[in-house]
Amino acid sequence: MKRICYVVAMVAEAQPFIERYHIQEVKDFFAPLPCLLYEGEVDGVTLNVVLNGQEHGSDLVGCEAATVATLSAIQCLHPDIIINSGTCGGFRAKGAEIAKVYIGNGVMFHDRRVPGDDAWATQSLGNYPVWDGSERLAKTLGYEMGKVTTGSSLDMQPCDFEIIQQHGGQLKDMEGAAVGFVCSLFQVPILYVKSVTDLCDSGAETFEEFSRNLHQACDALKVANERVIDYLKGQMN
Ligand code: SAH
C-alpha cells in the first residue's frame, strides 16, 4: 500500500492540506475533464489530492463531478485507498458541533426517491461499504463515527430529513455516496473524513451558517487529515 488518494470537492477544503504537504498541481493531467490532480510524497507514500474542479468560477460540488473525479482517480492513479474528505452538515440532536470531525461508518443517498419494489429502493439508497479499517482508525485517533448521507442540494427538504432519520444518517453532504459508488465498483477501500460546517437542525439559514464556519471546519479537517495520514503511513509501510 503506497498511494493515498484524496477526493475533495472544494478548493477551500483542500487548500490548508495542499499547503501543509507542499504538494504540487500536475497540470492538465485529467484534461479535458474538470478534475485537477495534486501530487506529493510523505515519507515514501505518494499523496494525491484530486479536486472536483471548477466551472464558472465556482467549485463543482455535487455527485456528477465527484463521480468523474473518483473514476478518473481510480483508473489513472490506482490508489490503495480513496479518502473523501470535506465539510458536511450535522445534527445538533445527535451531538454534532461546528468543526467536529467524524469518520464515516456508512454512506447512502437521501434524495433518490424511486417508487417500486425493494430492489429499486435498495439500489436508490446506495448504502455502499466503507473501508473495513475505518472503525479502528476512528477508535485509535479518537474520532466519533457517523453515517454519511448524500444529496444534490445544500438545503434539506422535509422528505430528505425523513429518509435521513429513517436510516440513521448523521452527516449530510453532496458527494460522499457518489464517491462510494465508484469505489464499490472497483472494490477500492474508501475512508470518509468529514468536518461539520452547519447544523441542519439549528434553524439557521444553511448557506449563511456554512459560509461563516467554512474556514474553521477546514482547519479542523487539516489537523484530522494529518493524523489520518500518519496513521495510514504506519499501516502501509
Ligand atoms: N456556494 C457554496 C457551495 C457550497 S455547497 C460555496 O462554494 O461556498 C456545500 C459543500 O459542502 C458541498 O461540497 C457539500 O458536500 C458540503 N456541505 C456542507 N454542509 C452541507 C449540508 N448541510 N448539506 C449538504 N452538503 C453540505
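User: What phi does G126 take just after α3?

Analyst: G126 has a positive phi of about 85 degrees, directly after α3. A helix here is a DSSP run of H or I with at least four residues, numbered from the N terminus. The model is predicted, so local features need pLDDT of at least 70 and side-chain atom pairs pLDDT 80 or more, while totals for chains, interfaces and linings use all residues. Residues are numbered from 1 along each chain, and side-chain values use heavy atoms, without hydrogens and water.

User: What makes the approach of D117 to A119 a polar contact?

Analyst: A polar contact is a pair of N or O atoms within 3.5 Å; within protein, one must be able to donate a hydrogen and the other to accept it, and residues adjacent in sequence count only if both atoms are side-chain atoms. At the start of α3 (residues 118–125), a side-chain oxygen of D117 comes within 3.2 Å of the backbone nitrogen of A119, and the pair therefore meets the distance limit.

User: Why are α2 and α6 described as roughly parallel?

Analyst: The axes, lines fitted to C-alpha atoms over the stretch in contact, are compared by N-to-C direction on a scale from 0 to 180 degrees. Those of α2 (residues 63–77) and α6 (residues 176–186) cross at roughly 30 degrees and come within 8 Å. Angles under 35 degrees count as roughly parallel, and α2 and α6 therefore qualify.

User: How do you know that M174 makes a polar contact with the ligand?

Analyst: A backbone N or O atom of M174 is 3.0 Å from an oxygen atom of the ligand, so the pair falls within the 3.5 Å limit.

Notes: Helices (H or I, at least four residues) and strands (E, at least two) are DSSP runs, numbered from the N terminus. Angles under 35 degrees count as roughly parallel, over 145 as roughly antiparallel, 65 to 115 as roughly perpendicular and the rest as oblique.
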